[in-house]
Amino acid sequence: MPKRARGALSLLVGVALVATVAAACGTTSENAGGGPAEPKPCGGAGGKYTIGVSQANVAEPYRERMDADIRQAAAGVPQFTVNFADAQQDNSKQVEQVENFLTQKIDLLIISPNEATPLTSVVKKAYEQGVPVLVLDRKVNGDSFTSFIGADNFDIGRKAGEFVAQTLLPGGGRVAEIKGLSGSSPAKERSDGFKLGIGGRNIEIVASADGDWLRDRGRQQADALLKGTPGIQVVYAHNDPMGEGAYLAAQDAGLSGIKIVGIDGLPIEAGGIKAVEAGRLAATFVYPTGGKEAVEAARKILVDCQQVPKVQGLPIERVTPENAAEVYARLNAGS
């Protein structure tokens with residue numbers, strides 16, 4: 001081969017090698033590009049389908065209830081088999097569990113991500129393999145999923161702030177905030193919404209800490225905030241278990257006058273609605289799990305061969321001592 005030809009061949013091989021290495025290394029979740037998902041042919045009502053449910057952390061009562069709602073709803077669809085995985089608040093473990101679901105050739109993925117950024121790539125991978133992906137409650141980055149199902153976390157935070165401003169501290173005051181896991185989308189949105197709700201009402205957030213959505217962690221953080229920051233009148237907790245933890249911390253510190261507001265409003269004996277009835281929480285806000293709606297979306301996609309909306313919003317409801325018993329009974333009617 002002439003020397004000039006050998007040079008051209010080496011250049012082509014080099015370019016091909018670089019391209020191969022780049023593909024093997026992959027890219028970040030946000031800039032990976034790629035075309036839209038190519039959905040698999042719909043099998044319809046005559047098929048059998050395996051759904052993988054990837055849960056962030058079943059140790060949280062809200063997520064335990066979400067799995068129970070999915071399980072109950074799926075029992076009414078004879079074509080469905082549902083396999084559950086619990087990441088136990090571990091991002092790497094949740095990525096591995098989703099990868100395992102893909103290896104098992106699941107027909108649809110339901111996921112509630114522990115944190116947005118670490119889970120975005122594997123969700124995008126599933127979507128681009130043609131697996132329908134339903135994201136519940138917590139978001140991922142970008143739009144590489146089939147449908148997001150959940151209530152508006154910014155709006156629920158805003159409503160909590162308005163309740164504090166209008167009902168608990170109409171003349172202004174001092175608030176402590178116990179936040180959820182910092183990398184999860186609800187934590188930021190519930191915090192931002194709350195700040196808007198109290199805006200212009202002479203209310204100051206004088207202390208805040210991450211409670212990671214957990215009751216014991218919330219209690220520890222509330223204990224430190226209440227002891228380290230005098231004059232706190234209200235504790236705003238991003239979920240009811242952390243609010244219950246703050247209640248215990250306030251009791252331990254002899255601060256019985258502090259009002260506590262939470263979010264979730266689970267209609268169970270250990271949930272936030274009963275805590276409002278008992279006076280441990282001043283209010284909570286119902287944030288539906290979306291489990292039933294996720295199964296209904298899966299049925300439309302796999303059995304009815306229909307499309308579903310990109311975003312499916314769920315209703316929010318305020319619960320105070322005045323309506324707690326009625327809301328509890330209504331949400332449990334027919335369950």
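The torsion about the S-S bond of Cys-42 and Cys-305 is about -80°, so this disulfide is left-handed. The model is a predicted one. It holds 1 disulfide. The sulfur atoms of Cys-42 and Cys-305 are 1.9 Å apart. Cys-42 sits in the loop between α1 (3-25) and β1, and Cys-305 in the loop between α10 (291-302) and β11 (311-313); the pair therefore ties together parts that are 263 residues apart in sequence. Cys-42 counts as partly exposed, at 36% relative accessibility. Cys-305 is also partly exposed, with a relative accessible area of 41%.

The overall make-up of the protein comes next. The protein has 11 helices and 12 strands. It comprises 335 residues, of which 49% count as buried. Among contacts with a separation of 6 or more, 74% are between residues 24 or more positions apart.

Several parallel strand pairings were examined. Strand β3 (residues 108-111) runs parallel to β4, and 3 bridges join them. Within this pairing, Ile-110 has Leu-134 of β4 as its bridge partner. Between β3 and β4 the chain passes through helix α4 (residues 116-128), and this β-α-β crossover is right-handed.

Strand β4 (residues 133-136) has buried residues pointing both ways. Val-133 and Val-135 point one way, while Leu-134 and Leu-136 point the other way. On to β5 (residues 147-150), β4 is joined by 3 bridges, and these two strands run parallel. Leu-134 stands opposite Ser-147 of β5. Leu-136 has Ile-149 of β5 as its bridge partner. Leu-134 thus appears in two pairings: it is the bridge partner of Ile-110, and it stands opposite Ser-147.

Strand β5 is covered on both faces. Ser-147 and Ile-149 lie on one side, Phe-148 and Gly-150 on the other, and all four are buried. Strand β5 also pairs with β11: 3 bridges join them, and they run parallel. Here the bridge partner of Gly-150 is Gly-313 of β11. The loop that holds Cys-305 leads to this strand, as it lies between α10 and β11.

Aromatic rings were considered next. A pair of such rings is described by the distance of the centres and the angle of the planes. The whole structure contains 4 aromatic pairs. In one of them, the ring centres of Tyr-49 and Phe-80 are 6.4 Å apart and the planes stand at 80°, so the pair is edge-to-face. Tyr-49 belongs to strand β1 (residues 49-55) and Phe-80 to strand β2 (residues 80-86); the pair therefore ties together parts that are 31 residues apart in sequence. Tyr-49 is buried, at 7% relative accessibility. Phe-80 is buried too, with a relative accessible area of 9%.

Two lysines lie over aromatic faces. Lys-274 is over the face of Tyr-328, at 4.3 Å from the ring centre. Lys-310 is over the face of Phe-145, at 4.5 Å from the ring centre.

A buried acidic residue was also inspected. Glu-244 is found in helix α8 (residues 240-252). Its relative accessible area is 7%, so Glu-244 counts as buried. Neighbours within four places in sequence aside, Glu-244 is in contact with Arg-215, Ala-275, Arg-280 and Leu-281. Two of these partners are thus arginines, Arg-215 and Arg-280.

Backbone torsions gave two further cases. Most residues other than glycine have a negative phi. Asn-202 is not a glycine, yet its phi is positive, at about 60°. This residue lies in the loop between α6 (185-198) and β7 (203-210). Asn-202 counts as exposed, at 64% relative accessibility.

Asp-264 likewise has a positive phi, near 135°, and is a residue other than glycine. Its place is in the loop between β9 (259-261) and α9 (272-277). Asp-264 is buried, with a relative accessible area of 5%. Each of these two residues lies in a loop, then, but Asn-202 is exposed, whereas Asp-264 is buried.

Definitions and conventions
Residues numbered from 1 in each chain as written. Predicted model: local features only at pLDDT ≥ 70, side-chain atom pairs only at ≥ 80, totals over all residues. Heavy atoms only, no water. Phe/Tyr/Trp six-rings, centres within 6.5 Å; stacked < 30°, edge-to-face > 60°. Buried < 20%, exposed > 50% of the residue type's maximum accessible area, 1.4 Å probe, protein only. Lys NZ or Arg CZ within 6 Å of the ring centre and 35° of its normal. Pairing = 2+ DSSP bridges. Right-handed = clockwise from strand over helix to strand, strands pointing away. Disulfide = S-S within 2.5 Å. Contact = heavy atoms within 4.5 Å.
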